[in-house]
Amino acid sequence: MQKQQIMCKEIESFDFQSGGEASSNLKNILRKLGVNSDLVRKTSIVTYELEMNVVIHSLGGEITALISEEELEIRVDDVGPGIEDLDKAFTPGYSTASNEIREMGFGAGMGLVNVKRYADKLTIESSKENGTHVKVLIKLF
Ligand SMILES: Nc1ncnc2c1ncn2[C@@H]1O[C@H](COP(=O)(O)OP(=O)(O)OP(=O)(O)O)[C@@H](O)[C@H]1O
Ligand SMILES: [Mg+2]
């Protein structure tokens with residue numbers, strides 16, 4: 001089934017002003033498309049966490065959303081520095097966030113845990129050389 005791109009947005013490193021805009025834009029787009037509110041909520045959590053990870057932990061990237069009749073695909077690609085230890089990164093409570101970031105309310109180490117919880121399928125590739133590339137599938141029925 002052919003997927004249609006419904007959003008593509010650049011995410012800038014440390015841009016807390018616009019951080020969160022992509023997930024909120026996508027939420028509006030999905031509501032307009034008539035996607036049910038539970039799925040919209042799930043998708044919002046996933047995209048917000050991945051978007052903020054790009055803001056906080058990467059040098060910048062891009063988020064893309066595609067939809068077909070069956071599923072929603074979220075792609076989040078950044079340019080590095082990559083996740084050193086993926087197993088650790090998916091451990092509840094593990095975070096490399098600085099004190100400054102923690103004071104802003106981030107760094108509980110729960111982002112990726114929640115992404116995994118709400119994704120029907122999650123693929124993540126990360127390296128120092130190529131950055132972090134996450135693909136999430138959410139079934140629409
Ligand atoms: N895009 C990324 N680039 C580099 N490192 C990342 C990226 N996303 C996550 N990480 C690493 O994985 C760790 C765990 O990420 P996770 O989102 O679970 O927690 P957090 O961002 O530290 O805190 P929280 O999401 O609860 O605010 C991060 O602390 C960071 O070290
Ligand atoms: Mg996070």
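Here are three short exercises, with worked solutions, on a predicted model of a protein chain.

**Exercise 1.** Work out how the secondary structure elements are ordered along the protein chain, and why the chain counts as compact as a globular protein of its length.

*Solution.* Start by counting: the protein chain has five helices and five strands. Next, read them off from the N terminus, which gives β-α-α-β-β-α-α-α-β-β. Then turn to overall size. The radius of gyration is 14 Å, close to the 14 Å that the globule rule gives for 141 residues, so the chain is as compact as a globular protein of that length. For its outline, the C-alpha trace spans about 40 × 25 × 25 Å along the principal axes.

**Exercise 2.** Find the strands that pair with β2, and decide whether β2 is mostly covered or not.

*Solution.* Begin with β1 (residues 4-11): seven bridges join it to β2, and the two run antiparallel. As a landmark, look for Gln4, opposite Ile67 in β2. Now move on to β3 (residues 71-78), which also pairs with β2 in the antiparallel sense, over seven bridges. Here Ala65 faces Ile74 of β3, and a hairpin of three residues links β2 to β3. Finally, check burial: six of the seven residues of β2 (residues 61-67) are buried, meaning under 20% relative accessible area.

**Exercise 3.** Locate the annotated domain and describe its span.

*Solution.* First consult the record: an unreviewed UniProt entry places "domain: Histidine kinase/HSP90-like ATPase" at residues 47-139. Then examine that stretch in the model, where helix makes up 30% and strand 33%. Lastly, compare its ends: their C-alpha atoms lie 15 Å apart.

Conventions:
Residues are numbered from 1 along each chain as its sequence is written. Chains are lettered from A and ligands numbered from 1 in the order in which they are written. This is a predicted model: local features need pLDDT of at least 70, side-chain atom pairs count only at pLDDT 80 or more; totals for chains, interfaces and linings use all residues. Side-chain values use heavy atoms; hydrogens and water are left out. Buried means under 20% relative accessible area, exposed over 50%, partly exposed in between (1.4 Å probe, protein chains only). Helices (H or I, at least four residues) and strands (E, at least two) are DSSP runs, numbered from the N terminus. Two strands pair if DSSP finds at least two bridges between them. UniProt positions are given in the numbering used here, feature names are shortened, and annotations may be inferred rather than shown by experiment. The radius of gyration is taken over C-alpha atoms; the globule rule is 2.2 Å times the number of residues to the power 0.38.
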